[in-house]
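Subject: Handing over the structure

Dear colleague,

Here is the structure I promised to pass on to you, together with some notes on what was found in it. Please keep it open beside this email while you read.

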Amino acid sequence: MADINYVSVENISKSYGERVLFQNISFGINEGQKIGFVAKNGTGKTSLLNILSGEDVPDSGDVIYRKNLNVAFLSQEPNLQPTLTVEETILASDNPVLTTIARYEKALQNPHDTEAYQAAFDAMDAQNAWDFETQYKQILFTLKLTKLEQKVSELSGGQKKRLALAIALLNKPDLMILDEPTNHLDLEMIEWLEALFARENLTLFMVTHDRYFLERVCNEIVELDQGFLYTYKGNYSYFLDKREARIENQAAETAKAKQLYKKELEWMRRQPKARTTKSKSRIDDFSDIKQRAHQRRKDHEVQLELNMERLGTKVVELHNISKGFEDKTLFENFDHNFIKGERVGIIGNNGTGKSTFLNILTGTLKPDTGKVVIGETVQFGYYTQKGIKIKPGQKVIDVVREFGDYIPLKKGRQISAQQLLERFLFDRKKQYDFVEKLSGGERKRLYLCTVLIKNPNFLILDEPTNDLDIVTLNVLENFLLDFPGCLIVVSHDRYFMDKIVDHLFVFKNHKIKDFPGNYSDYREYASANTSEDETEEKKRSTQTEDKPTKKAALTYNEKKEHRNLEKEIAKLEKEKEALQNKFATENWSGAEIDEQSQKLQELIDTIEEKTERWFELSAKLEEG
């Protein structure tokens, strides 16, 4: 049986003034598809979602919906009635079950009309409307919206987003269009929603930067890249593989286009007066070839040696710190001494004191007990959830230069404010745009640059991944992997945490527990140790029993191998980059392109193999 088409998007275009977001793009959404939509910030994601939801219209083209299709749209900033309570908002929503309940209540008032009563009763059965109150309360409580009588005007931005998500889920729509559904959810909620979406036979079209969510929920990825749409019939891992192959293929195509361009350029110079129909079409082809030959990808690979002020032997010491507000204890009696190069992830449900802890650490808040000792050479860089204050009339480059002109690198080199902005995907033209013109995600990127340009040696990032697209996340991850100072990250992005941190502070049950691993390690550990008592017991036994046997120090030869591997990997990475660049500059024949592609693949395989061995030895070194 053919797939039922829900939505057809036909040749739509959207521009703002001279800025073209996309032109003549087409795709369809069919029943059962779970599509993740991937694009850089500022390239039209939100515009496309708004066009799909009917909140905006394309400049040209059409969006055609199947008749009587029930669509739920979850936007970044839901439009809710501020005077209603949480429960009233659910009961005032446009939900077909509520119509059925209203019809049944009306039938009860007129019991003589047995036909109408029977029809209303059957409809209640068919829609499982008897349990609607239980259903909405379960979802609200799962999303930590327990105060049903609280007014919408009193809710935080995150709570409003969760309330809008509850309405969308209860509506049981044919199609859900979601803009960053995991923003403002804690890890438990994200995993609950992930399991729900993976299990239910829903049709989804979503924008999300949460790569584990994309991996586990989506069966198709649609990418908008430089104005073109590419479709990948698989999950996120499949998309990454195929996207890399596509980019390599485009590099080879660009090289071929360059050769053709040279020949056509000679022809153009020889034929200044030739304007027959045939030559006119060839001139049109020429401009197309020129465009392809001059394609440049704006992706940045960050490989930096930052020259920051050295951290002394004393970094930050936390002695017996506790904090609570009114009658609620957040955490108590926590001790920790940070060492150079430490990379900590912070996890815990909303309201467990994560941001409070960071404010105590940086000295903006005093603990109830204990003290914080900060080393003399420590320079904090603190990215908070408040974001950036926009001054009207200010340009992007001016914002960053307020905080610094450059970041010093080793060997006397430096990254200027302009270069840093370029790394974080603001091209030279964009740097002279007014800040008020930027999208939400672009403003977050800019704020990040203002924190980094100050060249801190102790970097604290509180939810840096919210509203950042996947391309920017990769740039940020690469930057942080090169960052030699201390790093603390609070994030609900599990993929980001896994890649960046070495151990976790877990905020749970008024305690902060230091867990020796990343997020996936912790989830595996937590699911194997369901009760808190078992967790405590296992931690105690690990601390006492494992320590004597954990001396897995490297042998002399292994240490030597570990040092050599670092040099070899760096050398191979340079070879790989040089070869990749040649695809765009050399005039190779088809056979040469095949040969060089094979060589590139061999290099990639060797780097992976050596990196795996390096990780293996690094783990032993840490254990020793």
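A residue is called exposed when its relative accessible area is over 50%, and buried when that area is under 20%, with partly exposed in between. Lysine 366 has a relative accessibility of 64%, and because that value is over 50%, lysine 366 counts as exposed. Before going further, please keep in mind that this is a predicted model.

To stay with lysine 366 for a moment, this residue is found in the loop that runs between H11 and strand S13 (369–374). If its neighbours within four places in sequence are left aside, lysine 366 is in contact with Lys323 and Ile360. Lysine 323 lies 43 residues from lysine 366 in sequence, and yet the C-alpha atoms of the two are 8.5 Å apart in space.

A second pair can be described in a similar way: glutamate 568, which is placed in helix H19 (residues 556–585), and lysine 610 are 42 residues apart along the chain, with 8.3 Å between their C-alpha atoms. Glutamate 568 counts as partly exposed, at 32% relative accessibility.

For the chain as a whole, the secondary structure comes to 20 helices and 20 strands. The chain has 624 residues, of which 45% are buried. Among the contacts between residues at least 6 apart in sequence, 68% join residues that are at least 24 apart.

Two helices were looked at in more detail. Helix H6 (residues 157–170) has 14 residues, which at 1.5 Å a residue should span 20 Å, and its end C-alpha atoms are indeed 20 Å apart, so the two values agree. H6 is mostly covered, with 11 of its 14 residues buried, and among the buried ones are Gly158, Lys161, Arg162 and Leu170. What covers these buried residues? The covering elements include strand S5 (71–74), helix H2 (86–91), helix H5 (132–142), strand S6 (175–179) and helix H7 (187–199). After H6 comes lysine 172, whose phi is positive, near 45 degrees.

Helix H15 (residues 470–482) has 13 residues, and from its first C-alpha to its last it reaches 19 Å, which is close to the 18 Å expected at 1.5 Å a residue. The buried residues in H15 include Ile470, Val471, Leu473 and Phe479, and Thr472 and Glu477 are also among them.

The positive phi of lysine 172 leads to a more general point. Most residues other than glycine have a negative phi. Asparagine 333, which is not a glycine, has a positive phi of about 55 degrees; asparagine 333 is found in strand S11 and is partly exposed, with a relative accessible area of 44%. Leucine 425 is not a glycine either, and has a positive phi of about 70 degrees. The place of leucine 425 is the loop between helix H13 (417–423) and helix H14 (440–452), and at 16% relative accessibility leucine 425 counts as buried.

Next come the empty spaces. Rolling a probe the size of a water molecule over the atoms shows where empty space is left. The second largest pocket holds about 1,100 Å³ of space. Of the 36 residues that line the second largest pocket, Asn349, Asn350, Gly351, Thr352 and Lys354 are the closest to its centre. The elements that give two or more residues to this lining are H6, strand S11 (328–337) and helix H11 (354–361), and the largest share, 4 residues, comes from H11. By class, the lining of the second largest pocket divides into 6 nonpolar, 21 polar and 9 charged residues.

The structure also holds 4 cavities of 30 Å³ or more, and the largest cavity has a volume of about 50 Å³. The residues lining the largest cavity include Thr182, Asn183, Ile190, His209, Asp210 and Glu463, and the whole lining is made up of 1 nonpolar, 6 polar and 3 charged residues.

How many disulfides does the count come to? The count is 0 disulfides, where a disulfide is taken as a pair of cysteine sulfur atoms within 2.5 Å. Two of the cysteines may still be worth finding in the view: cysteine 218 is buried, with a relative accessible area of 6%, and cysteine 486 is buried too, with a relative accessible area of 1%.

With kind regards

Definitions and conventions
Residues numbered from 1 in each chain as written. Predicted model: local features only at pLDDT ≥ 70, side-chain atom pairs only at ≥ 80, totals over all residues. Heavy atoms only, no water. Expected span 1.5 Å × (residues − 1). Buried < 20%, exposed > 50% of the residue type's maximum accessible area, 1.4 Å probe, protein only. Contact = heavy atoms within 4.5 Å. 1 Å grid on protein atoms, 1.4 Å probe; cavity = no way out; pocket = protein on both sides within 12 Å on 5 of 7 lines; lining within 4 Å. Points joined across faces, edges and corners; volume = space filled by probe spheres on them. Nonpolar A, V, L, I, M, F, W, Y, C, P; charged D, E, K, R; others polar.
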